[in-house]
Amino acid sequence: MKSQICYQRIFIFLLALTLAQFACSFGAQPSSTASQETPASAAQATQPSPTALSERGTPDEAKAMLQKAVEHYNSVGREQALADFTGRAAPFFDRDLYVVCMGSDHVETANGGFPQYVGSSADALKDSNGNPLGK
């Protein structure tokens with residue numbers, strides 16, 4: 001049982017990193033909150049937050065997200081966790097980092113970056129270099 005959990009953790013981490021690279025090939029999405037700034041939030045915007053310094057997540061941030069995802073999965077159960085991962089909300093979605101889960105049959109069960117791929121085989125998806133993601 002422990003080896004299966006370890007395998008799943010490693011697989012989710014590697015897949016999340018691969019899909020994050022795939023998502024980066026599409027470019028950054030513009031923020032929709034900029035037009036809704038209030039004077040107080042405009043004053044805060046002059047001091048960059050740590051996440052504003054980079055459009056891309058770091059390997060350490062990806063590992064931290066993976067750990068949070070594993071803890072969340074273990075605490076709330078499979079169904080709720082998969083729904084939360086696909087929901088594109090923090091802490092499971094941050095810039096180009098997001099959680100992706102798939103079964104041993106390569107069918108995605110959660111995808112925080114591209115929710116439309118849930119239920120699809122990762123074998124049909126390719127990274128920015130044309131390599132199949134499911135292999």
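Start where helices α3 and α4 cross, because in this predicted model the crossing of α3 and α4 is right-handed. To bring the two elements into view, select residues 59-76 for helix α3 and residues 78-86 for helix α4, which pack at an angle of about 140° with their axes 7 Å apart. Angles over 145 degrees would count as roughly antiparallel, and α3 and α4 are therefore oblique to each other.

Next, show the side chains where these helices meet. On the α3 side, select Ala69, His72, Tyr73 and Val76, and on the α4 side select Arg78, Gln80, Ala81, Asp84 and Phe85, since these residues make the contact. Colouring this selection by class shows five nonpolar, two polar and two charged residues in the contact of α3 with α4.

Now zoom out to the whole chain and switch to a cartoon view, in which the secondary structure comes to four helices and four strands. If you follow the chain along its sequence, the elements appear in the pattern α-α-α-α-β-β-β-β, with the helices α3 and α4 that you have just left lying at residues 59-76 and 78-86.

With the full chain still selected, turn to its contacts: among those with a separation of 6 or more, 53% are accounted for by residues 24 or more positions apart.

Finally, display the surface, where the protein exposes about 8,700 Å², with carbon and sulfur atoms supplying 55% of that area. As for what lies beneath the surface, 27% of the 135 residues of the protein count as buried.

Definitions and conventions
Residues numbered from 1 in each chain as written. Predicted model: local features only at pLDDT ≥ 70, side-chain atom pairs only at ≥ 80, totals over all residues. Heavy atoms only, no water. Axes fitted to C-alpha atoms, helices over the stretch in contact; angles between N-to-C directions. Parallel < 35°, antiparallel > 145°, perpendicular 65-115°, else oblique. Left-handed = near helix turned anticlockwise from the far one by under 90°. Contact = heavy atoms within 4.5 Å. Nonpolar A, V, L, I, M, F, W, Y, C, P; charged D, E, K, R; others polar. Buried < 20%, exposed > 50% of the residue type's maximum accessible area, 1.4 Å probe, protein only. Areas by Shrake-Rupley, 256 points an atom, 1.4 Å probe, with all protein chains shown as cover.
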